[in-house]
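Visitor: Could you take me through this structure? I would like to begin with the strands and then move on to other topics.

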Amino acid sequence: MSRPFLIDTDTASDDAVALIMALRSPDVRVVGITTVAGNVDVKRATRNALYIVELCGASVPVYAGAEKPLLREYQNATWFHGRDGLGDHNYPASRESAAELHAVDAIIETIEANPGLVIVTLAPLTNLALALAKKPAIAAKVGRCVVMGGAPCCEGNVTPAAEYNIWVDPEAARIVLLSALPVELIGWQLSRGDAVVNENDIARIEQSSNPLARFAIECNSHARRAYKVQTGEDGISLPDPVAMCIALDPAMGTVWSDHYVDVETQSELTRGMTVVDRLNVAADDRNRAVWAPALRARRKTMVCWALDTRRWKEALFSALR
C-alpha cells in the first residue's frame, strides 16, 4: 500500500531532485505539492513544480501559497540557484496550471483526507505555520513531519548562525517547531562532506539514458558553482534530496536524538538559529523562563545527526535511473 506524502517546496534546483525522488518512489503517493516564497518567488516556485511533475509524467495537484514570510521582508536565494531557481537553462512552462485552492487550505484539506500522512517541507515554513494557526487540530493527524532546515550543530549557510529555510521566516519555523507536529529536523550539515555528489557520482548519473538524470545535474549547475564559492567543496550539495531520502527511509539517518528545539527570532546576529537543548538543561532554574514556550509545548523534536552516505547516494542513483 502506498504511503501518502504532502510536499511543501520553494522549488529550486535541489528541491527539483527531491521531487523527482518522491514522484518516482514506487511505494509513495504524492497527494499534493504546495509552494511558497523562498529560493524563488512563489509564482516561479509553482511554475517549477508544475514543470517537474510533468517531466516525471505524474499527475499531482500543485497549490500556490504564501508570497512572503509572516513578518519579515522576503529575501530570495537566486544568488545560489539562479534567477529562475533551476540554473537559468530556460526550461519551458508546463502545460498544466496550479490548482485554485490556496496552499494553506490545501494543506489542511489534504491532512484531513489522509490521516497519518507524511509531510516533507523543503522550504521556509510559512505555509505550514499558517495552516496550523488556522486549524491547530491538523497536527495530531500527521504521521511524520520531515523538515529540511536548520544547522543544529554547526555553521549556517546564509549567516554564520542560520540555515536559509529557517532564517527566511524564523517566526514560522518557531510556530512549527513548538507545535504538536511530530517534527524530524534534517539539518543542512547532513548534505555536506561525503554526502556531496562528487565528480565520480556526477559522471555515474550522467551515464544514465534517463532524461531526468541529465536534468538533475544540469539544473544544479548554478548551485554547484555557488556551493564551491560558499564552502570550498566541489560538487553538488543536495540538502532537500537528503531530507527526502530520510522521509522515504528513516533508517538513512543513522544517529537521532530528541530534544527541545527553539528558533531565535529577536536577535539580528543569530536570527533563525535552531537552538537545540542537547544536554537537557532547558528546564533548569536559570533557563526555564526563556525556554517556557518549548517546555509548555511538551513536544520534543527528533534531530538527525548523521547520514548513511553510501545508501543515500545509492538511493539517488536509483531514483535517476
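**Strand pairing and surroundings**

Guide: Certainly; please note that the model is predicted. Met148 stands opposite Ile186 in S6.

Visitor: Which strand is joined to S6 there, and how many bridges are involved?

Guide: Strand S5, residues 142-148, is joined to strand S6, residues 183-186, by 4 bridges, and the two run parallel. Another facing pair is Val147 with Leu185, its bridge partner in S6.

Visitor: And how does S4 pair with S5?

Guide: Strand S4, residues 117-121, pairs with S5 in the parallel sense, over 5 bridges. Within that pairing, Val120 stands opposite Val146 in S5. Between the two strands the chain passes through helix H5, residues 126-134, in a β-α-β crossover that is right-handed.

Visitor: Is S5 covered or open?

Guide: S5 is mostly covered, with 6 of its 7 residues buried.

Visitor: What is the strand order of the sheet?

Guide: The sheet is open and has 8 strands, in the order S3-S2-S1-S4-S5-S6-S10-S7, with mixed pairing. At the edges are strand S3 (62-64) and strand S7 (253-259), each of which pairs on one side only. From one strand to the next, the twist averages 20°.

Visitor: Which strands does helix H2 touch?

Guide: Helix H2, residues 42-55, packs on the sheet and touches strand S1 (3-9), strand S2 (28-35) and S3. The direction of H2 makes about 155° with that of S2.

Visitor: Let us change topic. How many helices and strands does the chain have?

Guide: The secondary structure comes to 13 helices and 10 strands. The radius of gyration is 18 Å, close to the 20 Å that the globule rule gives for 321 residues, so the chain is as compact as a globular protein of that length.

Visitor: What box do the C-alpha atoms fill?

Guide: Taken along the principal axes, the C-alpha atoms fill a box of roughly 60 × 45 × 40 Å.

Visitor: What about burial and surface?

Guide: Of the 321 residues, 58% count as buried. The accessible surface of the chain comes to about 13,300 Å², and 50% of that belongs to carbon and sulfur atoms.

Visitor: Among contacts between residues at least 6 apart in sequence, what share joins residues at least 24 apart?

Guide: The share is 82%.

Visitor: Why is helix H11 described as largely enclosed?

Guide: In helix H11, residues 239-248, 10 of the 10 residues are buried, so the helix is largely enclosed by the rest of the structure. Among them are Pro239, Asp240, Met244, Cys245 and Leu248.

Visitor: One last residue: where is Arg278?

Guide: Arg278 lies in the loop between strand S9 (274-276) and helix H12 (292-297).

Visitor: How accessible is Arg278, and which residues is it in contact with?

Guide: Arg278 has a relative accessible area of 46%, so it counts as partly exposed, the class between under 20% for buried and over 50% for exposed. Leaving aside neighbours within four places in sequence, Arg278 is in contact with Cys153, His259 and Trp305.

Visitor: What separates Arg278 from Cys219?

Guide: The C-alpha atoms of Arg278 and Cys219 are separated by 37 Å, and the two residues are 59 residues apart along the chain.

Definitions and conventions:
Residues are numbered from 1 along each chain as its sequence is written. This is a predicted model: local features need pLDDT of at least 70, side-chain atom pairs count only at pLDDT 80 or more; totals for chains, interfaces and linings use all residues. Side-chain values use heavy atoms; hydrogens and water are left out. Two strands pair if DSSP finds at least two bridges between them. Axes are lines fitted to C-alpha atoms, for helices over the stretch in contact, and angles run from 0 to 180 degrees between N-to-C directions. Contact means heavy atoms within 4.5 Å. The radius of gyration is taken over C-alpha atoms; the globule rule is 2.2 Å times the number of residues to the power 0.38. Buried means under 20% relative accessible area, exposed over 50%, partly exposed in between (1.4 Å probe, protein chains only). Accessible areas come from the Shrake-Rupley method with a 1.4 Å probe; for residues, only the protein chains shown count as cover. A crossover is right-handed if, with the strands pointing away from the viewer, the path from the first strand over the helix to the second runs clockwise.
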